[in-house]
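Q: I'd love a close look at one part of this structure, the place where its ligands sit. Please set the scene with a few residues elsewhere in the chain, and spell out the cut-offs as you go.

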Amino acid sequence: MMLVPVTDQESLDRVRVTVVAAARAELGLADEGDPVAFMNDFHRRGLSAVEMNSFRLALIRRINDEADIGRLIWQAFRDPLTCIIGPDVVVQKSANLVIHLPEDGNNAPIHRDAPPNSPFEVVVWVPLVDCFGTKGMCILDKNQSREGMDLLQASPETPERIENFVWDRFQPIPVPYGSAVMFWAGLLHAVPTNTEGQTRWSFNIRYKNTFAPYGTKGYPEYFKILEMSPLTELAYDWQRPKK
Ligand SMILES: O=C(O)CCC(=O)C(=O)O
Ligand SMILES: [Fe+2]
């Protein structure tokens, strides 16, 4: 797990501007005023759980029409991601947007993404507001994750054991806007109930090497090509049947 500062702030700001403009358009509001206050205070609008769900779905559709979030987040963190993945990269086609209201107990439970996702995936968790305290994410390291999974396997009938083990070790990671948490898909993670009195807005999206093994989320259904090395281009071109 790494807390990584943005290397191209402009791309990250474009993600945020796109999301806020789309959210305001969806609510029929003018696109003006402080975007940070708009996001942090979003719970004050009093949308019900059902309304939040349809709002989020409509918002994602609108955002995807207007921008390529996977590419923008890639550009924002290109250098560290290239170091991890190499020059041949695929990205999850549709980035997940989470709008986590204060006191909402419907948060991500303890889980790891791989399996069923590929253990060759890097998860990039990108907040659009400053996340501190319980607005942050909890991630166990590799050994703790293994211990947690061993506990679950040893006594699947008592999930409280793994829950206690994990929550005893969890420390929410503070993630200011302008940074991302990058973590290996095999690590156990969860999100605490947000008790900070502010709404959390974050994307999570997965990148992997084009040629590393895929999990249940395959290519081209869930992933699309983002970067291709000159060598790969040469090889594909060579293999293409001559006219
Ligand atoms: O941000 C969240 O609420 C969920 C995060 C998560 O599970 C992930 O990024 O894989
Ligand atoms: Fe996850």
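A: Ala-37 is partly exposed, with a relative accessible area of 31%; here buried means under 20% relative accessible area, exposed means over 50%, and partly exposed is in between, computed with a 1.4 Å probe on protein chains only. This is a predicted model in which local features need pLDDT of at least 70 and side-chain atom pairs count only at pLDDT 80 or more, while totals for chains, interfaces and linings use all residues; side-chain values use heavy atoms, with hydrogens and water left out. Residues are numbered from 1 along each chain as its sequence is written, with chains lettered from A and ligands numbered from 1 in the order in which they are written.

Ala-37 belongs to helix 2 (residues 35-40). Helices (H or I, at least four residues) and strands (E, at least two) are DSSP runs, numbered from the N terminus. Between Ala-37 and Tyr-222 there are 33 Å from C-alpha to C-alpha, and the two are 185 residues apart in sequence.

Now to the metal. His-111 (NE2), Asp-113 (OD) and His-189 (NE2) coordinate the iron ion (ligand 2) at 2.1 to 2.3 Å. Donors are N, O and S atoms within 2.8 Å of the metal (3.2 Å for Na, K and Ca), and since water is not among the atoms, sites may look incomplete. Along the chain, the donors of the iron ion follow the spacing H-x1-D-x75-H. Asp-113 lies in the loop between strand 3 (96-100) and strand 4 (121-127), and His-189 in strand 7 (residues 189-190), so this pair ties together parts that are 76 residues apart in sequence. Both Asp-113 and His-189 are buried.

What surrounds ligand 1? There are 13 residues around ligand 1, and those that come nearest are His-111, Asp-113, Trp-125, Arg-200 and Arg-206. To be counted, a residue must have one of its heavy atoms within 4 Å of the molecule. You'll recognise His-111 and Asp-113 from the iron site.

The polar contacts of ligand 1 are worth a look too. A polar contact is a pair of N or O atoms within 3.5 Å; within protein, one must be able to donate a hydrogen and the other to accept it, and residues adjacent in sequence count only if both atoms are side-chain atoms. In the side chain of His-111, an N or O atom lies 3.1 Å from an oxygen atom of ligand 1. For Trp-125, the separation between a side-chain N or O atom and an oxygen of ligand 1 is 2.8 Å, and for the side chain of Arg-200 the corresponding value is 2.8 Å. Taken alone, ligand 1 exposes 290 Å², of which the protein buries 93%. Those areas come from the Shrake-Rupley method with a 1.4 Å probe.

Strand 4 and strand 8 (200-209) are the elements that give two or more residues to the shell around ligand 1. Strand 8 supplies four residues, the largest share of that shell.

The loop between strand 3 and strand 4, home of Asp-113, deserves a closer visit. Glu-103 lies in this loop and has a phi near 65°, a positive value in a residue other than glycine. Most residues other than glycine have a negative phi, and most peptide bonds are trans. Glu-103 is exposed, with a relative accessible area of 57%. Asp-104 is found in the loop as well, partly exposed at 26% relative accessible area. The C-alpha atoms of Asp-104 and Glu-233 are separated by 47 Å, with their positions 129 residues apart along the chain. Ala-108 is another residue of the loop, partly exposed at 32% relative accessibility.

Pro-115 lies in this loop too, and the peptide bond leading to Pro-115 from Ala-114 is cis, with omega near -20°. A cis peptide bond also joins Tyr-219 and Pro-220, where omega is about 5°. Pro-220 sits in the loop between strand 8 and strand 9 (223-227).

For a last stop, take Ser-179, in strand 6 (residues 179-184). Ser-179 is buried, with a relative accessible area of 5%, and a polar atom of its side chain lies 2.6 Å from the backbone oxygen of Pro-176.
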